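Reader: Please pick one part of this model and go through it closely, pairing by pairing. After that, place it against the rest of the chain, with numbers where they exist.

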Amino acid sequence: MPFADKKSESHLNKAIEVSKKIGAKGLQSQAYLDLGILYKAKNRPEQAKAYFNRAIRLFEQSEAKVYLKQAKNTALENAVLTIDFISVRVHCKSCDRKKEVEDPVLQCPFCEKGEIELLAGREIEIISIELAY
Ligand SMILES: [Zn+2]
């Protein structure tokens, strides 16, 4: 692992340690999520998946869940949290082709030129909110 990655990994582990101590599950969850992203970028999908799952489990127990509990007898009583991961799609300006990619790419998978733009995969989007009474 290059030095910069090692460094961010150790910062994230420190963040996890501290947030565990102070019981900040939201922060801990965010750190696990970042570790997952780091491992995915390093092409280690199994470790990435393990961190993503930890992040999701913690997030479900965290402040968000507390707010959901406090929301009893309100419109949010039966709220369900669903997280979908969106695939990364790139477009090549040289050959005009599009492709879904697993890992970050710096050049076109077809013509190997460097003029690619990101079409999808950076967004955080609330797809739906349903209110039931
Ligand atoms: Zn191309």
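**The sheet, then the helices**

Author: The part to look at is the pairing around strand E1, where four bridges join E1 to E2 and the two strands run antiparallel. The model is predicted, and what follows should be read as a description of that prediction.

One position in this pairing can be given by residue: histidine 91 stands opposite lysine 98 in E2. E1 and E2 form a hairpin with five residues between the strands. Within that hairpin, aspartate 96 takes a positive phi near 65°.

E1, which covers residues 88-92, is also joined to E3 by four bridges, and this pair runs antiparallel too. Histidine 91 appears here as well, with glutamate 117 as its bridge partner in E3. Histidine 91 thus has lysine 98 opposite it in E2 and glutamate 117 as its partner in E3.

Put together, the three strands form an open, antiparallel sheet in the order E2-E1-E3. Strand E2 (98-101) and strand E3 (116-120) are at the edges; each has a single partner strand, so one side of each has no neighbour in the sheet. Ignoring direction, neighbouring strands of the sheet are turned against each other by 35° on average. As background, the strands of a sheet pair through backbone hydrogen bonds, in parallel or antiparallel fashion.

Now the rest of the chain. The protein has four helices and three strands, and from the N terminus on, the elements run α-α-α-α-β-β-β. The strands of the sheet therefore follow the helices in this order.

Among the helices is found the largest nonpolar core, 11 residues in all: Leu12, Ile16, Ala31, Tyr32, Leu35, Tyr39, Tyr51, Phe52, Ala55, Leu58 and Phe59. Helix H1 (3-21), helix H2 (25-41) and helix H3 (45-61) each supply at least two of these residues. H3 gives the largest share, five residues.

H3 has 17 residues, which at 1.5 Å a residue should span 24 Å; the C-alpha atoms at its ends are 24 Å apart, so the two values agree. Its buried residues are Tyr51, Phe52, Ala55, Leu58 and Phe59. These lie on the same side of H3, because they cover an arc of only 130° around the axis. On the other side of H3, Glu46 and Asn53 are exposed.

H2 also has 17 residues, and from its first C-alpha to its last H2 reaches 24 Å, close to the 24 Å expected at 1.5 Å a residue. Lys25, Gln28, Ser29, Ala31, Tyr32, Leu35, Gly36 and Tyr39 are the buried residues of H2. They too are on the same side of their helix, because their arc around the axis of H2 is only 160°. Just after H2, asparagine 43 takes a positive phi of about 60°.

Alanine 31, one of the core residues, can be followed across to other parts of the chain. Setting aside neighbours within four places in sequence, alanine 31 is in contact with Leu12, Ala15, Ile16 and Ser19.

Two totals cover the whole protein. Of the 133 residues, 14% are buried. Among contacts with a separation of 6 or more, 40% are between residues 24 or more positions apart.

Notes. Residues numbered from 1 in each chain as written. Predicted model: local features only at pLDDT ≥ 70, side-chain atom pairs only at ≥ 80, totals over all residues. Buried ≥ 20, exposed ≤ 12 C-beta atoms within 10 Å, placed from the backbone. Contact = placed C-beta atoms within 7 Å. Core = buried A, V, L, I, M, F, W, Y, C linked by C-beta atoms within 7 Å. Pairing = 2+ DSSP bridges. Axes fitted to C-alpha atoms, helices over the stretch in contact; angles between N-to-C directions. Expected span 1.5 Å × (residues − 1). Arc of directions from axis to C-beta.
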